[in-house]
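Student: I would like to go through one helix and one sheet with you. Could you show me the structure?

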Amino acid sequence: MDEATPVLEVRGLTRRFPGVLANDRIDLELHKGQVLGLLGENGAGKSTLMNIIYGLYSPDEGEILVNGELASIRDPNDAIALGIGMVHQHFQLVPVLSVTENIMLGNESVRGLFLDRPAARERILEISGQYGLAVDPDAMVEDLPVGVQQRVEIIKALYRHADILILDEPTSVLTPQEAEGLFAIMRTLTARGVSIIFISHKLKEVLEICDHITVLRNGRVAGHADPGTSTQQSLASMMVGRDVILQVEKEEAQPGEVVLAIEQLSVLDDRGLPAVNGLSLELRAGEILGVAGVQGNGQTELVEAITGLRAVSGGRVLLEGREVTDDTPRQITAEGVAHVPEDRQKDGMVISFPVNDNLALQTYWQRPFARGIVIDEGERDDFARRLVQRFDVRTPGIYTRLGSLSGGNQQKTIVAREFSRPSRLLIVAQPTRGLDVGSIEFIHRQIVRMRDEGTAVLLVSAELDEVLSLSDRVTVIYNGRIIDTLPVEQADREHVGLLMAGVQAGEASDD
C-alpha cells in the first residue's frame, strides 16, 4: 500500500432515520499511525458514522475503503475481519466473567473440544506487555476499576488483530490520572502503526492527543483543523456554528439560610466497606458548593445517601432543619430536592420509555399531569414539547424512546426535567459528562440561574475545571472525609490537586 493511501476512507456516506438525516455525504480520511479527532455536538452524527464503519448500521449512500480497497461492511464481523475495532462509550463486557473469558468471547481459542484458556491468557499477556496495557488476565471484570475495564476493551480489539481503533468518548468515565494513562497507551499504539479515531467533547484533550481534527455539525463535515494552530475557542465555534463562552459568567453569590446540613454521616459501599466516614458539611441557599475529589473517594455514596438511594449507617441529613436521613427518594423529591444523577441510565431515566414519559417521571402522579388515577396525556405532551425546545433536546419527537437518543441528549432530558421543577436543593453529579461545548455552556448557565433564584446547589464533578469555574466554595473529599473547604478565590488548581491526593497544608515536599 502506498504511504499516501489512507488506511480508512469514507466517501459521501449518508444515513437517514425517520425524521432525521443523521449523516449527510460525509468524507473522512484516516492515515497509518495517526490519531484523528472527531468532534461535534450531541446529535451531530459522530456515533452514527462510527456505527456504520463498524458495521452496526448500513449506509443509505456512499462507500468505505480500507487500505485503498472498497470494503463491504455488513456487520461487526466484517469490520473485525478488516482490522477495525471499536471501544464503545458504554463498555461491552460481562461483569461476572474473567478478563480472559471476556476477551475470548466470540473469538474462542480451542484445543480439541475444549476452550484453550492458557493460550488465550498468554496472548493477552503478550499484548499487554507490547502496548503497555497492564491487566491481570485472571481478574474478574466486575472487580476492576473503570480505567482498567477500558484497557480490557482495547486488548479485546487488539486480540482480534485490529489496526484501526475507534475510541468513542474514551475519557468520559476516567479520572484525570486515568486519562493520562490512556494517552500514553494511545501514543504507544500509534508508534506501532495502529491508527485511531478519537471521539471526544473535551477540547483540551483533542488538542493534546490528536494529529488532525474533523468537525461534524448537523450531520455534515463542518471543517477540518490542525491541533498545532487551533484553540479550544476556535474548535468550539466550528462545532456549534457560533461563538461559545467557555468561561462561566456569574455574579458574586448571595448566600442565605442553611438548606442542607450533613452531620457526621457514614455510608457503606456495595461491598459493605466504609465509603463515607463521619462527613459533615453545610450548604446555603443561593450558593454553589463544589465537591472536588478523585472518583471513588465516597462522592457517589454521599449523593446516594442524601437522595435516599442508599441507606445511611450513621449520622444525619437535614433539609432546612428537618431530618430526612431515612426518607425515600419520592419523599425527598417532594421536599423540593432535584437530582441529576451520576449514572443517567441507571438512576436518571427509564431507557425503554419515550421522552415525554421520562420528562414527567418525578411528577406524573400530580396535577396537571394526572386527574385522579388518569394521566392527562395532553398536558404531559405539551409540557414535554416545551422542555425539549427550551433545553434543545435533539430528538425526532417526544414519543421517541429515550434510550435511542445519544448520551448527551439523554443527559439534557434529565437536566430539563430536574431544572424545570421548583427546588430548594439541586444536587448535580457529573452534570456535563459526555456533553458537547454548546450543551455544557447551556447547562452551566442553568446551574448559575438556579443559584441566583435562591436554590442551594451541590455540584459533584470529576472535572476539576468545572468545579473551580462554577463553585462559590470548594470542598475536597478524600477517603470519604472532607479534608478542607475554602472559598473558590483561594482554590487554585495546584492546591486543590494536592488536597485531592490527600496532601494537606504543610505536608507537601519542598523539593
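**A helix and a sheet**

Tutor: This is a predicted model. In helix α13, the residues R380, D381, F383, A384, L387 and V388 are buried.

Student: Why do the buried residues line one face of the helix?

Tutor: Viewed down the axis of α13, the buried residues fall within an arc of 160°, so they line one face. On the other side of α13, R386 and Q389 are exposed.

Student: What do the buried residues of α13 pack against?

Tutor: They pack against α12 (355–359), β20 (374–375) and α14 (407–419).

Student: How far apart are the end C-alpha atoms of α13?

Tutor: They are 20 Å apart; this agrees with the expected span, because 14 residues (377–390) at 1.5 Å a residue should span 20 Å.

Student: And which residues are found at the start of α13, and which one follows the helix?

Tutor: At the start, a side-chain oxygen of D376 comes to within 3.2 Å of the backbone nitrogen of G378. After the helix comes D392, with a positive phi near 55°.

Student: Turning to the sheet, what is the order of its four strands?

Tutor: The order is β14-β13-β16-β17, in an open sheet with antiparallel pairing. β14 (274–284) and β17 (322–323) are the edge strands, each pairing on one side only.

Student: How many bridges join β13 to β16?

Tutor: Five bridges join β13 (residues 258–268) to β16 (residues 314–319). The bridge partner of I262 is V317 in β16.

Student: Which strands does helix α9 lie across?

Tutor: Helix α9 (residues 299–306) lies across β13, β14 and β16, and runs at about 120° to β13.

Note on methods:
Residues are numbered from 1 along each chain as its sequence is written. This is a predicted model: local features need pLDDT of at least 70, side-chain atom pairs count only at pLDDT 80 or more; totals for chains, interfaces and linings use all residues. Side-chain values use heavy atoms; hydrogens and water are left out. Helices (H or I, at least four residues) and strands (E, at least two) are DSSP runs, numbered from the N terminus. The expected span of a helix is 1.5 Å times one less than its number of residues. Buried means under 20% relative accessible area, exposed over 50%, partly exposed in between (1.4 Å probe, protein chains only). The arc is that of the directions from the helix axis to the C-beta atoms. Contact means heavy atoms within 4.5 Å. A polar contact is a pair of N or O atoms within 3.5 Å; within protein, one must be able to donate a hydrogen and the other to accept it, and residues adjacent in sequence count only if both atoms are side-chain atoms. Two strands pair if DSSP finds at least two bridges between them. Axes are lines fitted to C-alpha atoms, for helices over the stretch in contact, and angles run from 0 to 180 degrees between N-to-C directions.
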